[in-house]
Amino acid sequence: MSQGSNETTILVGEDYAFLREPVRRICQQFPGEYWRKLDKEAEYPSEFVKALTEHEYLGALIPEEYGGAGLPLRAGVVILETIHESGCNAAACHAQMYTMGTLLRHGSEEQKREYLPKIASGELRLQAFGVTEPTSGSDTLKLKTTAVRDGDHYVVNGQKIWTSRALYSDLMILLARTTPVDEVEKRSHGLSVFLVDLREARDNGLEIRPIETMINHNTTEIFFTDLRIPASSRIGEEGRGFRYILDGMNAERILLSGEALGDARYFLERAVEYAGDREVFGQPIGRNQGIAHPLARAWAQTEAADLMVRKAAGLFDAGEPCGAEANTAKLLSSEAAWLAGDTCFQTFGGFAFAREYDIERKWRECRLFQTAPISTNMVLNFIAQNVLGLPRSY
Ligand SMILES: Cc1cc2nc3c(=O)[nH]c(=O)nc-3n(C[C@H](O)[C@H](O)[C@H](O)COP(=O)(O)OP(=O)(O)OC[C@H]3O[C@@H](n4cnc5c(N)ncnc54)[C@H](O)[C@@H]3O)c2cc1C
């Protein structure tokens, strides 16, 4: 592996200005009050997703031959970062980008021709990613959902949890066990990936139930009872699905790091402006080092995280191994967002609690990055074992 090789360019500053400016303009049409209303009513941001789709941002990573813009992952990071920096939230539609890691890299030509142009145009939504299960949690290889071959079909039984956006998606990437764990050499073998058509599956063996959460994330649990899916919906070879999902997961971690960075920048901008304006004891509160230093620290951590996000995206786009960088990017950016959020909260004093300021909403939202798509401890486990070579603790 040639980490930091000459081919991997780490850019600084506002790269992809041709994406940042128009995305900012779209976001201006969706101010805080739009998100506050959705948050209150637990509604899906349909108009926002429609605007991004119409301007072809959700198809940014789909190759041009399949109707997309054919841009690299870094461009996707920039789009998501800009959305979050502008006070909006891309969670309603970001999966359309990261599921590409699995479908694009491992789907058959037939599957790509059938689905990608429709996903790029917005006719089909691929927003759901069904991996996590209630009993196995972070121990993905212990998942219990099974897909058993039956002629031209597979029969799926089991349960997924935290499958976000399933109610607003036409397709779902599903990870299920196709060979019992006691019949495989390694636990990572015998898992397969499927592209499930939710429109056909719903109420035909698949049930979706929403979960109420502290943020408006449209997340659900899914129950499979003898759901029959065509064998042709399998992505790649049977039994090799975990490897395919990992490609999608690295993309997901890098893209969502962009969102966390965007949140950090949003908090910093709001806090710095407020610290300059708000006068208490006859001077702007930002003159107090107790206010200024935490903001300076949050800025420094955000910039450091940004460099790692750029490095991870660069390696991914160069087709190089990037597990360590993708995980580290997620760790640093989620912590930078949380620090910036908490610092912003403190800077705003009591007003941070008032919903109309949007700080408390963004603060709640950015907490998720430390838990999903992978929790902080599991990132640290990955680094300890795979980078530092320490013994596995579990
Ligand atoms: C709002 C939301 C949306 C989500 N969307 C999706 C989605 O669309 N698709 C999907 O598949 N999943 C989704 N997830 C699931 C998410 O990826 C998991 O919640 C996350 O990976 C943690 O798994 P868990 O909740 O089962 O926690 P657990 O695995 O039960 O872990 C609980 C705690 O114990 C720690 N822990 C566990 N094992 C170890 C260990 N060996 N060493 C140290 N610490 C350990 C964890 O780090 C964590 O802090 C979502 C979750 C949320 C909350």
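How do the axes of helix α10 and helix α11 cross, and within what distance do they come? This report answers that, then turns to a second helix pair, the domains and the ligand. The model is predicted.

## Helices α10 and α11

Helix α10 spans residues 289-317, and helix α11 spans residues 323-347. Their axes come within 8 Å. They cross at roughly 160°. Angles over 145 degrees count as roughly antiparallel, so α10 is roughly antiparallel to α11. The crossing of these two helices is left-handed.

What classes of residue make up the contact of α10 with α11? There are 16 nonpolar residues, 6 polar residues and 3 charged residues.

## Helices α9 and α12

Helix α9 covers residues 241-277, and helix α12 covers residues 359-367. They pack at an angle of about 155°. Their axes lie 11 Å apart. That angle makes α9 roughly antiparallel to α12. The crossing of α9 and α12 is left-handed.

Which residues meet here? From α9 come A260, D263, Y266, F267 and R270. From α12 come I359, K362 and C366. By class, the contact of α9 with α12 has 5 nonpolar and 3 charged residues, with no polar ones.

## Three domains

The domain assignment splits the protein chain into three parts. Domain 1 runs over 17-125, domain 2 over 127-241 and domain 3 over 243-387.

Domain 1 and domain 3 touch. Their centres, taken over C-alpha atoms, are separated by 21 Å. Domain 1 gives 28 residues to the contact, and domain 3 gives 26 residues. On the domain 1 side, four elements each give two or more residues: α2 (32-41), α4 (73-85), α5 (95-98) and α6 (100-106). Which of them gives the largest share? The answer is α4, with 11 residues. The domain 1 side of this contact divides into 11 nonpolar, 11 polar and 6 charged residues.

## Around the ligand

How many residues surround the ligand? There are 22 of them. V131, G137, S138, W162 and N377 come nearest. The elements that give two or more residues to this shell are β1 (126-130), β3 (153-164) and α13 (376-387).

Which domains does the shell draw on for at least three residues each? They are domain 2 and domain 3. By class, the shell has 9 nonpolar and 13 polar residues. No charged residues belong to the shell.

How values were computed: Residues are numbered from 1 along each chain as its sequence is written. This is a predicted model: local features need pLDDT of at least 70, side-chain atom pairs count only at pLDDT 80 or more; totals for chains, interfaces and linings use all residues. Domain bounds come from an automatic or database domain assignment. Two residues are in contact if their C-beta atoms, placed from the backbone, lie within 7 Å. Ala, Val, Leu, Ile, Met, Phe, Trp, Tyr, Cys and Pro count as nonpolar, Asp, Glu, Lys and Arg as charged, and the others, Gly among them, as polar. A residue is near a molecule or strand if its C-beta atom, placed from the backbone, lies within 6 Å of it. Axes are lines fitted to C-alpha atoms, for helices over the stretch in contact, and angles run from 0 to 180 degrees between N-to-C directions. Angles under 35 degrees count as roughly parallel, over 145 as roughly antiparallel, 65 to 115 as roughly perpendicular and the rest as oblique. A crossing is left-handed if the near helix is turned anticlockwise from the far one by less than a right angle, and right-handed if clockwise.
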